[in-house]
Amino acid sequence: MRVFLKQLRPAALILLVMIVICGVIYTGVMTGVVSLIFPQQAKGSIITITLKDGTKKDFGSELIAQKFTEPKYLIGRPMTVSNLGPASDAQKKLVAERVQWLRSLDPGNTAPIPADLVTASGSGVDPSISPAAADWQVARIARERGLSEAAVRATIKRYTTGRLAGFIGEPAVNVLKVNLALDGLL
C-alpha cells in the first residue's frame, strides 16, 4: 500500500501539470493566435450590418444555414440531420415531400430539381447550395421581387465561391449573403 501511495503522488502531479499545459495554456495560446490571424472567423463569421437608422444587427453566420421559406428568397438545403441511406423508404419520403413543397412554391418551373435542394447535408446546416440549385430558383425570385432574371443572376454570381486552388471542392452559393443582398442589406 505504501508503494502505491508513493507512486500515486507523482502520477497525480504529472496529470495536473499536463491538464494545465494542454487544457489551459495551449488552448489559450491557440485561441489568441487564431483571433489575431483570423478575427472574423474566430468570432463565428457573423454577418453584422449597420441599418439605415445607425443600429447594428446580426443576421447570422456565413458558415451556418438560415432557414428561408418565402418564394422571394433563395431557398437552401433542408435543415435536417439524418443518417438515412439514399435507398431507405424514409429518405425517399422526405425527398418526395421536399419536391412537392418546392413544386408548390414555383408551379411553373418544370425543370428537374437539383439534388441539393431536396437532400440534407451531413451536418444539416450547410450554408451553401450549388450554382445549379441557385439557377433553378432565379425565375421565381425575379418574378416575386419584380427584378430581371439578369439582376438576380448577377447577385447570385457575386456570392458564388469557386473551387479552392482551382480544383478542390465544388463552386458554392452562400444563401444568406444572396438573400441579404436581394433585400438591399449587403
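## Strand β1 and the residue I47

A residue counts as buried when its relative accessible area is under 20%. In this predicted model, I47 has a relative accessibility of 7%, so I47 falls on the buried side of that cut-off. I47 sits in strand β1.

Which residues does I47 contact, once neighbours within four places in sequence are left aside? The list is K57, D58, F59, G60, E62, L176, K177, L180 and L186. A132 makes a useful reference point for the distance across the model: I47 and A132 are 85 residues apart along the chain, and their C-alpha atoms are separated by 25 Å.

## S45, in the loop before β1

S45 belongs to the loop between α2 (39–42) and β1 (46–50). Its relative accessible area is 4%, and because buried means under 20%, S45 is buried. Setting aside neighbours within four places in sequence, S45 is in contact with Q40, G60, S61, E62 and L63. G60 and E62 also appear among the contacts of I47.

## Helix α4

Helix α4 covers residues 131–145, 15 residues in all. From its first C-alpha to its last it reaches 20 Å, close to the 21 Å expected at 1.5 Å a residue. If you follow the helix along, you will meet a kink of about 40°, centred on V138. Just after α4, G146 takes a positive phi of about 70°.

V138 is itself one of the buried residues of this helix, alongside A133, A134, W136, Q137, R140, I141 and A142. An α-helix has 3.6 residues a turn, so residues three or four places apart point the same way. What do the buried residues of α4 pack against? Their partners are α3 (89–105), β3 (128–129), α5 (149–158), β5 (172–174) and α6 (175–182).

## E144 and K72

E144 is also in helix α4, and with 44% relative accessibility it counts as partly exposed. Apart from neighbours within four places in sequence, E144 is in contact with P71 and K72. E144 and K72 are 72 residues apart along the chain, and their C-alpha atoms are separated by 5.1 Å.

## Helix α6

How many of the eight residues of α6 are buried? Seven are, which leaves this helix mostly covered. The buried residues are V175, L176, V178, N179, L180, A181 and L182. Among them, L176 and L180 are contacts of I47.

The cover over the buried residues of α6 includes β1, β2 (56–61), β3, α4, α5 and β5.

## The largest pocket

For anyone thinking about cavities and surfaces, the largest pocket has a volume of about 450 Å³. The elements that give two or more residues to its lining are α3 and α6. The largest share, five residues, comes from α3.

In total, 29 residues line this pocket, and R77, P78, M79, T80 and R98 lie nearest its centre. What is the make-up of the lining? It divides into 14 nonpolar, ten polar and five charged residues.

## A165, a residue with positive phi

A165 has a positive phi of about 60° although it is not a glycine. This residue lies in the loop between β4 (160–161) and β5. Is A165 buried or exposed? Its relative accessibility is 60%, so A165 counts as exposed.

Methods
Residues numbered from 1 in each chain as written. Predicted model: local features only at pLDDT ≥ 70, side-chain atom pairs only at ≥ 80, totals over all residues. Heavy atoms only, no water. Helix = DSSP H or I, 4+ residues; strand = E, 2+ residues; numbered from the N terminus. Expected span 1.5 Å × (residues − 1). Bend = angle between axes of the 7 residues up to and from the residue. Buried < 20%, exposed > 50% of the residue type's maximum accessible area, 1.4 Å probe, protein only. Contact = heavy atoms within 4.5 Å. 1 Å grid on protein atoms, 1.4 Å probe; cavity = no way out; pocket = protein on both sides within 12 Å on 5 of 7 lines; lining within 4 Å. Points joined across faces, edges and corners; volume = space filled by probe spheres on them. Nonpolar A, V, L, I, M, F, W, Y, C, P; charged D, E, K, R; others polar.
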